[in-house]
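Me: I'd like to learn how to read a few backbone and packing features in a model. Could you take me through them one at a time?

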Amino acid sequence: MTECGFRIEQIDELPAMQAIALPFLVRDEANHTIVLNALALAARTAGAALQLLVLREGGAVVAVAARNPGMVFLACERAAHARLLAQAVRDDASLQGVVGETVAARAFAEVIGRPFRLHIPLRLHALEGAPEAGAAEGSMRPAVAADQAQLTDWQRAFEAEVHLVRTPLDTAELVARRIAQGQAYVWCDARGAVVCHVGATQIPPSGARIAPVYTPPDCRGRGYAQALVARVCTALTAQGVQRIFLFTDAENPTSNAVYARVRFRVVAEHAHFEFDREI
């Protein structure tokens, strides 16, 4: 597709995705973290269904859209660029939603030509300074295989609570993979009971993203999430991670306050828009 000096190319092979898109994506690891995460996940997951649409102006990459079944994730700051990317997929009746910086994501949704609604207003946070763990009793440890059943139940509860759109990957398989890859941590209280869970994904070249964070309702209000997120951030920094990000529901004051106490600061507003299904 070519329009007014712009050209869109479709890339289906992971090595080509990384070679072409990464130099653009790493210029803004914060706002592009969701596409960087999609590439990192594809690199770790055999047979992952991912496609990139790369928008070029002249020879330079100026925006990227990652597509997996039903969803588009934008690395795009300009509404005009988002509209061009949307034109390339507007005939895809299976498209369920788009996630990206709010102005760009809305512009993308408007071009699709179907009714759409705001699913979740997302707030992007970045850690600034040494994380503050608070004074919760207990300790952190990596999750192990024996935690899988409990963390699978918690993952399902987390998804229902935040209205997360499910990926094609089975929940139990998702949790098992997270544990096996060393991306799952738990907080144990003073009695040794598991009371909180945090996932953390390292995202090349130098970042990491915290998700999910879940404390069961009867264990909330005791500082466990703050303690565990802070300890995980400390561990990631020790492993060489330079920037750590997380998303929250912008309309959830409780979670936003927890991460502010850890020393996460808001860096951008993103959004997830859903499309009506075509009949």
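Reply: Sure. Start with burial: a residue is called buried when its relative accessible area is under 20%, and exposed when that area is over 50%. Keep in mind that this is a predicted model.

Me: Okay, which residues of α7 are buried?

Reply: In helix α7, the buried ones are Tyr224, Ala225, Gln226, Ala227, Leu228, Val229, Ala230, Val232, Cys233, Ala235 and Leu236. That is eleven of its 15 residues, so the helix is mostly covered. α7 runs over residues 224-238 and reaches 21 Å from its first C-alpha to its last, close to the 21 Å expected. Just after α7, glycine 240 takes a positive phi of about 105°.

Me: And what should I look for in phi and omega?

Reply: The general idea is that most residues other than glycine have a negative phi, and most peptide bonds are trans. Here, arginine 263 has a positive phi of about 95° although it isn't a glycine. You'll find arginine 263 in the loop between α8 and β13, and at 34% relative accessibility it counts as partly exposed.

Me: Where are the cis peptide bonds before proline 205 and proline 212?

Reply: One goes from proline 204 to proline 205, with omega near 10°; proline 205 sits in the loop between β10 and β11. Another joins alanine 211 and proline 212, with omega about -5°, and proline 212 is in strand β11.

Me: How do I read a charged residue that's buried?

Reply: Look for a partner. A salt bridge needs a side-chain nitrogen of Lys or Arg within 4 Å of a carboxyl oxygen of Asp or Glu. Arginine 178, in helix α6, is buried yet has no salt bridge: the nearest side chain of opposite charge, glutamate 159, is 6.5 Å away. There is a polar contact of 3.3 Å between the side chains of arginine 178 and histidine 197. Leaving aside residues up to four places away in sequence, arginine 178 also touches Gln155, Gln183, Ala184, Gly199 and Pro212, among others.

Me: Last one: strands. Is β3 enclosed or open?

Reply: Six of the seven residues of β3 are buried, so the strand is largely enclosed by the rest of the structure. β2 and β3 run antiparallel, joined by six bridges, with phenylalanine 6 opposite glutamate 57. Seven bridges join β3 to β4, also antiparallel; valine 54 has valine 64 as its bridge partner there. The β3 and β4 hairpin has two residues between the strands, and glycine 58 takes a positive phi near 65° in it.

Terms used
Residues numbered from 1 in each chain as written. Predicted model: local features only at pLDDT ≥ 70, side-chain atom pairs only at ≥ 80, totals over all residues. Heavy atoms only, no water. Helix = DSSP H or I, 4+ residues; strand = E, 2+ residues; numbered from the N terminus. Buried < 20%, exposed > 50% of the residue type's maximum accessible area, 1.4 Å probe, protein only. Expected span 1.5 Å × (residues − 1). Lys, Arg positive; Asp, Glu negative; His and termini not counted. Polar contact = N/O pair within 3.5 Å; in protein donor to acceptor, adjacent residues only side chain to side chain. Contact = heavy atoms within 4.5 Å. Pairing = 2+ DSSP bridges.
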